[in-house]
Amino acid sequence: MYSINSITVSHHFVIAHSLGLCFGPAPQLHGTTFVVEAELRRDALDADGIICDIGRSLDLLKTALAEFDYRNLDEFAEFRGRNTTREFFACEVHKRLVRRIEEGALGSQASTSLRVVLRENQVAWSAYEAPLG
């Protein structure tokens, strides 16, 4: 039988961006608030009975999102020519979290995977998940 343990932390950020013409009413510059959930998973709890420190996890998420908060994504050189959709941005947030985890932001705790969910509203959301390490 397969089992996994997980914790999830959540934070929000506000951005501006524009999308391509294939996006109905939202092709022009507009603002949005994204709520991001970062779920860290591991096969077994550590000796202290946790997956990782929840405070460090929340700090990690806030730090990863801070560079985008109240910014126009169209002004980021790395996003030039890309549609910064929920799907695209869930992957981008995931990459930034993984980089910081690999740099030791959560200490030596060994999470096995990370799932990032980006919610713009209660009707639709996007997720990106991949193993760590």
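Helices, as the word is used here, are DSSP runs of H or I with at least four residues, numbered from the N terminus. Just after one of them, H2, Gly104 takes a positive phi of about 100°. The model is predicted, and the values that follow are computed from it.

**Overall layout**

The chain holds 2 helices and 5 strands, in the sequence pattern β-β-α-β-α-β-β. The C-alpha trace spans about 50 × 30 × 20 Å along its principal axes. Of the 133 residues, 41% count as buried. Among contacts with a separation of 6 or more, 67% come from residues 24 or more positions apart.

**The sheet**

The strands form an open sheet of 5 with mixed pairing, ordered E3-E1-E2-E4-E5. E3 (71-72) and E5 stand at the edges, and each has a single partner strand, so one side of each is left without a neighbour in the sheet. Helix H1 (residues 54-66) packs on the sheet, where H1 touches strand E1 (5-17) and strand E2 (30-42). The direction of H1 makes about 20° with that of E1. Helix H2 (residues 86-102) also packs on the sheet and touches E1, E2, E4 and E5; its direction makes about 140° with that of E4.

Strand E4 (residues 113-119) and strand E5 (residues 125-131) run antiparallel and are joined by 7 bridges. The connection between E4 and E5 is a hairpin through 5 residues. Two of the bridge partners can be named: Arg115 is paired with Glu129 in E5, and Val116 with Tyr128 in E5.

**Helix H2**

H2 has 17 residues and reaches 24 Å from its first C-alpha to its last, close to the 24 Å expected at 1.5 Å a residue. Its buried residues are Phe88, Phe89, Ala90, Cys91, Glu92, Val93, His94, Arg96, Leu97, Val98 and Ile101. These buried residues pack against E1, E2, H1, E4 and E5.

**Selected residues**

The table gives the relative accessible area of four residues, with the class of each.

| Residue | Relative accessible area | Class |
|---|---|---|
| His17 | 3% | buried |
| Cys52 | 5% | buried |
| Cys91 | 19% | buried |
| Arg80 | 56% | exposed |

The classes follow from two cut-offs: buried means under 20% relative accessible area, and exposed means over 50%. Cys91, at 19%, is therefore classed as buried. Arg80, at 56%, is classed as exposed because its value is over 50%.

His17 is found in strand E1. Its side chain makes a polar contact with the side chain of Thr84 (2.9 Å). Leaving aside residues up to four places away in sequence, His17 touches Gln28, Leu29, His30, Thr32, Asn72, Leu73, Asp74 and Thr84.

Arg80 lies in the loop between E3 and H2. With the same exclusion of residues up to four places away in sequence, Arg80 touches Asp74 and Glu75. Asp74 is thus named among the contacts of His17 and also among those of Arg80.

On the cysteines, a disulfide would require a pair of cysteine sulfur atoms within 2.5 Å. By this rule the count is 0 disulfides.

Definitions and conventions
Residues numbered from 1 in each chain as written. Predicted model: local features only at pLDDT ≥ 70, side-chain atom pairs only at ≥ 80, totals over all residues. Heavy atoms only, no water. Pairing = 2+ DSSP bridges. Buried < 20%, exposed > 50% of the residue type's maximum accessible area, 1.4 Å probe, protein only. Contact = heavy atoms within 4.5 Å. Axes fitted to C-alpha atoms, helices over the stretch in contact; angles between N-to-C directions. Polar contact = N/O pair within 3.5 Å; in protein donor to acceptor, adjacent residues only side chain to side chain. Expected span 1.5 Å × (residues − 1).
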